[in-house]
Amino acid sequence: MEAQLDPMKDDLPLMANTSCMLVKHYILDLDVDFKSKVIEGVIVLFFETGSRYRKTSKTGKEGCQSHFDETYKIRTPEPCHIPVTNTSACSSKMEYNDFAVCGKGDEDTSDKNGNHSNEEQASGISSSKDCCDIENHGSNDFLLVLDCCDLSVLKVEEVDVAAVSGIEKFTSAKVTDVSKDMESLRNEIVHELVTLPADYWKEQLHYFTRCSQAPGCGELLFTTGTWSLEIRKLGVQTPTDFPHAIRIWYKTKPEGRSVTWTLDQSGRPCVYTMGSPINNRALFPCQEPPVALSTWQASVRTAAGFVVLMSGENSAEPVQLQEGILSWYYYVTMPMPASTFTIAVGCWQEVKQQSFTAAVQTNIEFSLPSSQADFRCHEEICSHVEYPCRFQNPAARLQAVIPYRVFAPWCLVECCEERLLQLIPKCLSAAYTTLGTHPFSRLDVLIVPSNFSSLGMA
């Protein structure tokens, strides 16, 4: 049986086999429901073959196999899940409805792959024989392992990125070329997309979005354990041949330890991630080892009246999808750990400068001295992985105070106007003087509920 860990005392188990496959980009499409205290929706993951397999292609399979062989020794997976009929994850508000199969009626849908029928899943009883068959059949198949905890995974499928119009620019072969294996073609497209030069980041995000909306091309087998989500495609034995774009339908659990459902200082409902004690693995399936740096995009829908704040580079403004429902969109272009993904949803009020004169005074007071500006322009060239880096932008190097917004519960707005707004530009300028160019282009400051007990969102 899997050992019980105390997140307050023990190190978190890093289950993801990042040496075999590495997530390069996430796209999340989520709904926040305060009545059920659940965040649900879809996440699409785009992969690159891991370093171990790229360097040792002849022994890569054995190396990856040994990783999850050891994993099986310390846990007992839960039964494989197949989505139930009329599952709420397939929301009418989602863009995936054109191709999402939420249920297949009452007919027996169990097949030669060992998938359970909807009747079996709806009754809460899974055939142990079928589950054993899934675990034992094709034991040489490659197993993708993601870090995951306190999540209800409903469905996993491969994404047909080759079906996207205009995507042929990312492959050396024509999409209609039947002589080229379609699996290899899809993986080649993903590889070209995730390795685009930094100057093409807008086009990259555009095609990531379009690929995330592409139809599925086959469900994948999966099992969930206490700390992991394990995904397999029958007959695929190496990471190179495994689908490099997959879509996962899931929902969080009210007791999930990555999110906190509570009340703000005004007594209104809110939810936030705090990055601990188990990082974001109870918010979405991810990879948490330090080597796993990725970018992401996220669309979050919630009832009107709520404000969605996230750790994105853009200053999101809501879009009304229908009466009473707003959608918020954020993205990042700097590869970062999955644990840095943050979200806070509540009835926040934006605290703004009361006068234009005060804003102008702030910019004048904290403008950078010319001598220091000259020094900033001669900073060393960065040696990190390629992305749209602000350190290479002369204008960003001279920006002592980046654009910022301040949000607070309504009962604290007046206090923030009087005190906090005067402090933030001084803090940003001091940080700039000490540390140099701000790595991010903007900042949102939120007065969190009093039960926030972590610096995870920092």
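**Buried charges and the sheet around them**

Glu157 is buried, and so is Arg247. In this predicted model, the two side chains form a salt bridge, with 2.4 Å between the closest N and O atoms. The pair links distant parts of the chain, since Glu157 sits in strand S4 and Arg247 in strand S8, 90 residues apart. Glu157 also meets Lys155 in a salt bridge, this time at 3.8 Å from N to O. Lys155 is buried as well, just like Glu157.

A search of the whole structure turns up 14 salt bridges. One of them joins Asp29 to Arg301, whose closest N and O atoms are 3.0 Å apart. Asp29 belongs to strand S1 and Arg301 to strand S11, so this pair ties together parts that lie 272 residues apart in sequence. Both ends are out of the way: Asp29 has a relative accessible area of 6%, so it counts as buried, and Arg301, at 4%, counts as buried too. Elsewhere, Glu158, Asp160, Glu183, Arg186 and Lys233 are linked in a network of salt bridges.

Asp147 tells another story. This residue lies in strand S3, which spans residues 143–147. Asp147 is buried yet has no salt bridge; the nearest side chain of opposite charge is that of Arg281, 4.1 Å away. A salt bridge needs the nitrogen within 4 Å of a carboxyl oxygen, so Arg281, at 4.1 Å, does not make the cut. What the side chain of Asp147 does reach is the backbone nitrogen of Ala16, at 3.4 Å. Setting aside neighbours within four places in sequence, the contacts of Asp147 include Pro13, Leu14, Met15 and Ala16, along with Trp227, Arg281 and the run Phe284, Pro285, Cys286, Gln287, Glu288 and Pro289.

Now for the sheet. Eight strands make up an open sheet in the order S5-S4-S8-S2-S1-S11-S14-S13, and their pairing is mixed. Strand S5 (216–219) and strand S13 (319–322) are the edges, each pairing on one side only. From one strand to the next, the twist averages 25°. At the S5 end, strand S4 (residues 151–159) and S5 are antiparallel and share two bridges. Val159 has Gly216 of S5 as its bridge partner.

Two helices deserve a mention here. Helix H5 (residues 182–194) lies across strands S1, S2, S4, S5 and S8, running at about 95° to S2. Helix H6 (residues 201–212) packs on the sheet too, where it touches S1, S2, S4, S8, S11 and S14. The direction of H6 makes about 65° with that of S1.

A further set of strands centres on S10 (residues 269–273), which is mostly covered, with four of its five residues buried. S10 runs antiparallel to strand S9 (residues 259–263), and five bridges join the two. Within this pairing, Leu263 stands opposite Pro269 in S10. The hairpin of S9 and S10 has five residues between the strands, and Gly267 takes a positive phi there, near 85°. S10 also pairs with strand S15 (residues 343–346), again in the antiparallel sense, through three bridges. There, Tyr272 finds its bridge partner in Ala344 of S15.

Methods. Residues numbered from 1 in each chain as written. Predicted model: local features only at pLDDT ≥ 70, side-chain atom pairs only at ≥ 80, totals over all residues. Heavy atoms only, no water. Buried < 20%, exposed > 50% of the residue type's maximum accessible area, 1.4 Å probe, protein only. Lys, Arg positive; Asp, Glu negative; His and termini not counted. Polar contact = N/O pair within 3.5 Å; in protein donor to acceptor, adjacent residues only side chain to side chain. Contact = heavy atoms within 4.5 Å. Pairing = 2+ DSSP bridges. Axes fitted to C-alpha atoms, helices over the stretch in contact; angles between N-to-C directions.
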